[in-house]
Amino acid sequence: MTAETDYLHGGAIRAALPWLGLLLIFLMLITYIPQISLFLPEYIDSLRVPIKLLD
């Protein structure tokens, strides 16, 4: 590889590192605080109206 391609690859990696760090932080939050990822399904389930089939 030439010096030019090494420079381009290094710049792309350096530009992606903050985003990768942010993704890692959110992954850890969702993994260790399950209420974050379970909020929406539980909320939608609470909106459901029970159906009475046979009275």
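Trainee: Let's start with Y32: is this residue buried or exposed?

Mentor: Exposed, because its relative accessibility is 66%, and the cut-off for exposed is over 50%. Y32 sits in helix α1. Keep in mind that this is a predicted model.

Trainee: Which surface feature does Y32 belong to?

Mentor: A nonpolar patch, where Y32 is joined by W19, L22, L24, I25, F26, L27, M28, L29, I30, I33 and I36. Together these residues have about 1200 Å² of accessible area. Helix α1, residues 3–32, is the biggest contributor, with ten residues.

Trainee: And how much of the protein chain counts as buried?

Mentor: Of its 55 residues, 0%. The chain's accessible surface is about 5600 Å², and carbon and sulfur atoms hold 74% of that. As for secondary structure, you'll find two helices and zero strands.

Trainee: Okay, on to aromatic rings. How is a pair of them described?

Mentor: You take the distance of the centres and the angle of the planes. This structure has one aromatic pair. The partners are F39 and Y43, with 6.0 Å from centre to centre and 15° between the planes, so the pair is stacked, given that planes under 30 degrees apart count as stacked.

Trainee: Where do F39 and Y43 lie?

Mentor: Here's the general idea: an α-helix has 3.6 residues a turn, so residues three or four places apart point the same way. In this case, both F39 and Y43 are in helix α2, residues 34–47, and they're four residues apart, about one turn of the helix. F39 counts as exposed because its relative accessibility is 54%, while Y43, with a relative accessible area of 43%, is partly exposed.

Trainee: What span should α2 have, going by its residues?

Mentor: At 1.5 Å a residue, the 14 residues should span 20 Å, and the end C-alpha atoms are indeed 20 Å apart, which agrees.

Trainee: Where does α2 bend?

Mentor: At L40, by about 35°. There's also a proline, P41, that follows within four residues.

Trainee: Last topic: charged side chains. What can those of opposite charge do when their charged atoms come close?

Mentor: They can pair. Here the count comes to one salt bridge. R48 makes it with D45, and the closest N and O atoms are 2.4 Å apart.

Trainee: How do R48 and D45 sit relative to the surface: buried, partly exposed or exposed?

Mentor: R48 counts as exposed, as its relative accessibility is 60%. D45 is partly exposed, with a relative accessible area of 42%.

Technical notes
Residues numbered from 1 in each chain as written. Predicted model: local features only at pLDDT ≥ 70, side-chain atom pairs only at ≥ 80, totals over all residues. Heavy atoms only, no water. Phe/Tyr/Trp six-rings, centres within 6.5 Å; stacked < 30°, edge-to-face > 60°. Buried < 20%, exposed > 50% of the residue type's maximum accessible area, 1.4 Å probe, protein only. Areas by Shrake-Rupley, 256 points an atom, 1.4 Å probe, with all protein chains shown as cover. Salt bridge = Lys/Arg side-chain N within 4 Å of Asp/Glu carboxyl O. Patch = residues over 30% accessible without salt bridge, like charges linked within 9 Å, V, L, I, M, F, W, Y side chains within 5 Å. Expected span 1.5 Å × (residues − 1). Bend = angle between axes of the 7 residues up to and from the residue.
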